[in-house]
Amino acid sequence: MKAPERLSLLDGSLVGGYSETVQRLKFAAPYCRGRNVLDAGCGTGLGAHYLAHNGATTAIGVDFSAEAIDEAQREFAGETVGFRVGDLQKLDAVLDSSERFGAIVSFEVLAHLPDPDAFVGATRRLLEPDGVFILSTPNREAVMAN
């Protein structure tokens, strides 16, 4: 069964894609400890919530979907977790020019962007000098072989 594109507490899709999502988050968590984190393409907010509760100093999630961000705000926003609606290809318009992150995570988003280079360029500007960028994306060759 293919995991849904966006996981939600509202329709049960979180349960279906939970295992893969948690594996990615567990991998990323040690790199995010003690850092301000940007969850780029956060969907309904589970990743930002998880990372903030597993050692990140703060976590900001950004997603293009206002509906997803509404759910993220309701379910996961708090003192160290926040969310914003925005286009990842135009992060400079979404985030304050002074904001910098020690870690940026983006899981299964890159393949959906018309201009992935704009997104990757923005992450370079937003990362602190010793920052890390953790990205997962489908392996098209493996997918096409199945």
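**Entry 1: β1 and β2**

I looked up the pairing of β1 with β2 first: the two strands run in the parallel sense and share 5 bridges. The model I am working from is predicted. For a residue-level handle I took Asn36, whose bridge partner in β2 is Thr58. I then followed the chain from β1 to β2 and found that the connection passes through helix α2 (residues 46–52), as a right-handed β-α-β crossover.

**Entry 2: the other side of β1**

I turned to strand β4 (residues 101–107), which is joined to strand β1 (residues 36–40) by 3 bridges, again with the strands parallel. Two residue positions went into my notes. Asp39 has Val105 as its bridge partner in β4, and Val37 stands opposite Ala103 in β4.

How much of β1 is buried? I noted 4 of its 5 residues as buried, so the strand is largely enclosed by the rest of the structure.

**Entry 3: β4 and β5**

I checked β4 for cover as well and found it mostly covered, with 7 of its 7 residues buried. β4 also pairs with β5, in the parallel sense and over 6 bridges. In this pairing I marked Phe107, which stands opposite Ser136 in β5. The route from β4 to β5 goes through α5, and I recorded this β-α-β crossover as right-handed.

**Entry 4: the whole sheet**

In what order do the strands lie in the sheet? I read the order as β3-β2-β1-β4-β5, an open sheet of 5 strands with parallel pairing. At the edges I found β3 (81–85) and β5, each of which pairs on one side only. I also looked up the turn between neighbouring strands of this sheet, which is 20 degrees on average with direction ignored.

**Entry 5: helices across the sheet**

I looked at two helices against the strands. Helix α3 (residues 66–76) lies across β2 (58–63) and β3, and its direction makes about 165 degrees with β3. α5 lies across β1, β4 and β5, and runs at about 145 degrees to β5.

**Entry 6: aromatic pairs**

I searched for aromatic pairs and got 2 in the structure. Phe27 and Tyr31 form a tilted pair, with 5.5 Å centre to centre and 45 degrees between the planes. Both residues sit in helix α1 (residues 13–32), 4 residues apart, which is about one turn of the helix. Is Tyr31 buried or exposed? I got 42% relative accessibility for Tyr31, so I list this residue as partly exposed.

I then looked at the pair of Phe119 and Phe133, which is edge-to-face at 6.0 Å centre to centre and 75 degrees between the planes. This pair links distant parts of the chain, with Phe119 in helix α5 (residues 116–126) and Phe133 in strand β5 (residues 127–136), 14 residues apart.

Why does Phe119 count as buried? I read its relative accessibility as 0%, and the cut-off for buried is under 20%, so the class follows. Phe133 has a relative accessible area of 29% and is therefore partly exposed.

**Entry 7: totals**

I closed with values for the protein as a whole. I counted 6 helices and 5 strands, and from the N terminus on the elements run α-β-α-β-α-β-α-β-α-β-α. Of the 146 residues in the protein, 43% are buried. For contacts between residues at least 6 apart in sequence, I found that 59% join residues at least 24 apart. The exposed area came out at about 8100 Å², of which carbon and sulfur atoms supply 52%.

Terms used: Residues are numbered from 1 along each chain as its sequence is written. This is a predicted model: local features need pLDDT of at least 70, side-chain atom pairs count only at pLDDT 80 or more; totals for chains, interfaces and linings use all residues. Side-chain values use heavy atoms; hydrogens and water are left out. Rings of Phe, Tyr and Trp (its six-membered ring) pair if their centres lie within 6.5 Å; planes under 30 degrees apart count as stacked, over 60 as edge-to-face and the rest as tilted. Buried means under 20% relative accessible area, exposed over 50%, partly exposed in between (1.4 Å probe, protein chains only). Two strands pair if DSSP finds at least two bridges between them. Axes are lines fitted to C-alpha atoms, for helices over the stretch in contact, and angles run from 0 to 180 degrees between N-to-C directions. Contact means heavy atoms within 4.5 Å. A crossover is right-handed if, with the strands pointing away from the viewer, the path from the first strand over the helix to the second runs clockwise. Accessible areas come from the Shrake-Rupley method with a 1.4 Å probe; for residues, only the protein chains shown count as cover.
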